[in-house]
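The following exercises concern the arrangement of domains, the charged pairs and the backbone geometry of one protein model. Each task is followed by a solution in steps.

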Amino acid sequence: MRIANHAGRAVLVLSGGKGADIATASGGRFGPDPQSVYDDWDAFTSWAASATPTPDIELDRALLESPSPTPSQVVAIGLNYADHAAETGFEPPKDLPPVFTKFASSITGPYGEIALPDGGHTDWEVEVVAVIGTTAHKVSPAEAWDHVAGLTIGQDLSERILQFVGQAPQFGFAKSYPGFAPIGPWLVTPEEFPDRDDLALGCSIDGETVQDGRTAKLIFSIPRTIAKLSEVITLRPGDVIFTGTPDGVGLGRTPQRFLQPGETLRTWVEGIGEMEHTFR
C-alpha cells in the first residue's frame, strides 16, 4: 500500500498515476488530514486491506507534500554507515548512534525549490525515512517493524558552516532551515518490499551520482534503531525517523563540494520512487 499527501489530503496511490481520496473512499471514517491516518493506524490498515476504492484523483507531482507533514517528533540518526563516518573523520558508533532532531518547520514535499542560506555550505544526505504507525516505547528489535507504518525518502540537508561554528556541533539547528527536510513522494508500507532491510538509495546532482548505498550496510538497522530510540523516547504515530546517510556527502570530498544555486538534486530509494529539488 502507498499513501500520499496530495494537496493536503490523504490519498491511496493506485496504478496508472491515479489515486483515491481516503476520506471519500472511507465515507469520512479516515482522513482527509494525512496526519490523522496514523492516529488509528491498525483500523485504517484493516479497512484498506479490504477496500476497493474508485480512482478519483489524477496525481500531480506538484501537489505532493510530505506523507507525514506535522509529526510530533522528527528524529535523525548520525554516522549510521561506517563509510560515511570514515569520510567525515569520526569513529563508527558502537553502542548508540548520535541522535538529534530536525525541527518540524523544515519539512517540505518531494518536489520543488529550496532556498540556500546566504554564505552557507549546504550539503546533501540521502536517507530512508521510517514513519511510526503505532506507539513504541521499550520495544525490542524483533517487535520494532510492527510499529512502523511505512518507509519513505528523505534528504537531511545540512548547513555545514553553522553545524560546526561553535564549541559543540549544532546538528539539529544547522539542519532545520526551511525546506531542509524534504520527504516523499509517498509512504510505502513494509510488506510491499521484497527485503525491507536491504534497499538501494542514492542521489545525483545535475545527473552526476554522488551517493549510492544500501540500507543493508546500516550499522544500526531500522528495527535496531527504533528499539534503541524507544528505550528513552516514546515514539508516537506519525513520528518521522531519518535513519542515516551513506558515504558520498560533500563534506567528505576532496575538495569539498556543496550545493549551488540552479543545481537540481534527484534522490531515490529502491521500491519507493524519487524526489527532485532545485536550489536557489
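**Exercise 1: The domain interface**

Task: State how many residue pairs are in polar contact across the interface of domain 1 and domain 2, and describe that interface.

Solution.

Step 1. Across the interface of domain 1 and domain 2, 8 residue pairs are in polar contact, both residues being at pLDDT 80 or more. A polar contact is a pair of N or O atoms within 3.5 Å; within protein, one must be able to donate a hydrogen and the other to accept it, and residues adjacent in sequence count only if both atoms are side-chain atoms.

Step 2. Three elements each give two or more residues to the side of domain 1 that touches domain 2: β1 (2-6), α2 (34-39) and α3 (41-50). Helices (H or I, at least four residues) and strands (E, at least two) are DSSP runs, numbered from the N terminus.

Step 3. The model is predicted: local features need pLDDT of at least 70, side-chain atom pairs count only at pLDDT 80 or more, and totals for chains, interfaces and linings use all residues. Residues are numbered from 1 along each chain as its sequence is written, and side-chain values use heavy atoms, with hydrogens and water left out.

Step 4. The domain assignment, which is automatic or from a database, places residues 2-64 in domain 1 and 66-279 in domain 2. To the contact (heavy atoms within 4.5 Å), domain 1 contributes 13 residues and domain 2 contributes 24.

Step 5. The two domains bury about 1,600 Å² between them, with 55% of this on carbon and sulfur atoms. Buried area is the accessible area (1.4 Å probe) that two parts lose on being put together, summed over both. Of the area that domain 1 buries against domain 2, 43% comes from Arg2, Gln35 and Tyr38, more than from any other three residues.

**Exercise 2: Salt bridges**

Task: Identify which residue forms a salt bridge with Glu276, and which strands hold Asp21 and Arg9.

Solution.

Step 1. A salt bridge is a side-chain nitrogen of Lys or Arg within 4 Å of a carboxyl oxygen of Asp or Glu. By this rule the count is 13, and 1 salt bridge lies between domain 1 and domain 2.

Step 2. Arg61 is the partner of Glu276, their closest N and O atoms being 3.2 Å apart.

Step 3. Asp21 and Arg9 also form a salt bridge, at 2.7 Å from N to O. Asp21 belongs to strand β3 (residues 18-21) and Arg9 to strand β2 (residues 9-13), 12 residues apart.

**Exercise 3: Backbone geometry**

Task: Locate Pro32, Pro255 and Leu79, and describe their backbone.

Solution.

Step 1. Most residues other than glycine have a negative phi, and most peptide bonds are trans.

Step 2. Gly31 and Pro32 are joined by a cis peptide bond, with omega about 5°; Pro32 lies in the loop between α1 (22-25) and α2.

Step 3. Another cis peptide bond joins Thr254 to Pro255, with omega about -5°. Pro255 is in the loop between β17 (240-242) and β18 (264-269).

Step 4. Leu79, although not a glycine, has a positive phi of about 55°. Leu79 occupies the loop between β6 (74-77) and α4 (82-87).
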